[in-house]
Amino acid sequence: MNQIMDELTVDWAMHVAEAELHAALPRRWVHCMGVARRAAALGQISGENADLLVAAATLHDVGYAPRLATTGFHPLDGARFLRDEHGADERLVRLVANHVGSPLTGRPMEMFSYR
């Protein structure tokens, strides 16, 4: 991605996360903003993917939004939302889908396939 597109991606991610979480789940919104700040602080070491990391951090819990929670597994619900409603970059979708990282969540992730 180029720098302008990256900055737009971060702004877009902030807008989407705010629209889905701010009113419905304010504590979750604050948590996501904190994770995004931490990701931004890692920008120097994450190089050209810094803005992708910040966007994923911003959106990592969007699947908790009541209107999006269809499977009860927030990484999957969030990733499907980003893919289906926003046509988000595949890398961003996959980061959101796999952000939990526990071996216990590996099996449910098999239900997710990027199309």
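A salt bridge is a side-chain nitrogen of Lys or Arg within 4 Å of a carboxyl oxygen of Asp or Glu. Good morning. I shall begin with these pairs and then turn to the helices.

The structure is a predicted model, in which local features need pLDDT of at least 70 and side-chain atom pairs count only at pLDDT 80 or more, while totals for chains, interfaces and linings use all residues. Residues are numbered from 1 along each chain as its sequence is written, and side-chain values use heavy atoms, with hydrogens and water left out.

By the rule just stated, the count comes to six salt bridges. As background, side chains of opposite charge can pair when their charged atoms come close. One of the six joins the side chains of Arg28 and Asp61, at 2.8 Å from N to O. This pair links distant parts of the chain, for Arg28 belongs to helix α2 and Asp61 to the loop between α4 and α5, 33 residues apart. Helices here are DSSP runs (H or I, at least four residues; strands are E, at least two), numbered from the N terminus.

Are these two partners buried or exposed? Buried means under 20% relative accessible area, exposed over 50%, and partly exposed in between, with a 1.4 Å probe and protein chains only. Arg28, at 28%, counts as partly exposed, whereas Asp61, at 3%, is buried.

A further salt bridge brings together the side chains of Arg67 and Glu85, at 3.0 Å from N to O. Arg67 sits in the loop between α4 and α5 and Glu85 in helix α5, 18 residues apart, and this pair too links distant parts of the chain. Glu85 is partly exposed, with a relative accessible area of 49%.

In helix α6, the side chains of Glu90 and Arg94 meet in a salt bridge of 2.7 Å, N to O. The two residues are four apart, about one turn of the helix. In general, an α-helix has 3.6 residues a turn, so residues three or four places apart point the same way. Glu90 is partly exposed at 35%, and Arg94 is partly exposed at 39%. Elsewhere, salt bridges that share partners join Glu20, Arg67 and Glu85 into one network.

Let us stay with α6, which covers residues 90-97 and in which Leu92, Val93, Val96 and Ala97 are buried. Seen down the axis of α6, these buried residues fall within an arc of 135°, the arc being that of the directions from the helix axis to the C-beta atoms. They therefore line one face of the helix. At the start of α6, a side-chain oxygen of Asp89 reaches to within 2.7 Å of the backbone nitrogen of Arg91.

Next comes helix α5, residues 74-86. Its buried residues include Leu76, Phe81 and Leu82, while Arg80 is partly exposed at 27%. Just after α5, Gly87 takes a positive phi of about 55°.

Which residues touch the most other members of the largest nonpolar core? A nonpolar core is a set of buried Ala, Val, Leu, Ile, Met, Phe, Trp, Tyr and Cys residues joined through side-chain atoms within 4.5 Å. Of the 22 residues in this core, they are Leu59, Phe81, Leu82 and Leu92. The elements giving two or more residues to the core are α1, α2, α4, α5 and α6.

Finally, contact means heavy atoms within 4.5 Å. Leaving aside neighbours within four places in sequence, Leu82 is in contact with Trp12, Val16, Leu59, Gly87, Ala88, Val93 and Val96. Thank you.

Note on methods
A polar contact is a pair of N or O atoms within 3.5 Å; within protein, one must be able to donate a hydrogen and the other to accept it, and residues adjacent in sequence count only if both atoms are side-chain atoms.
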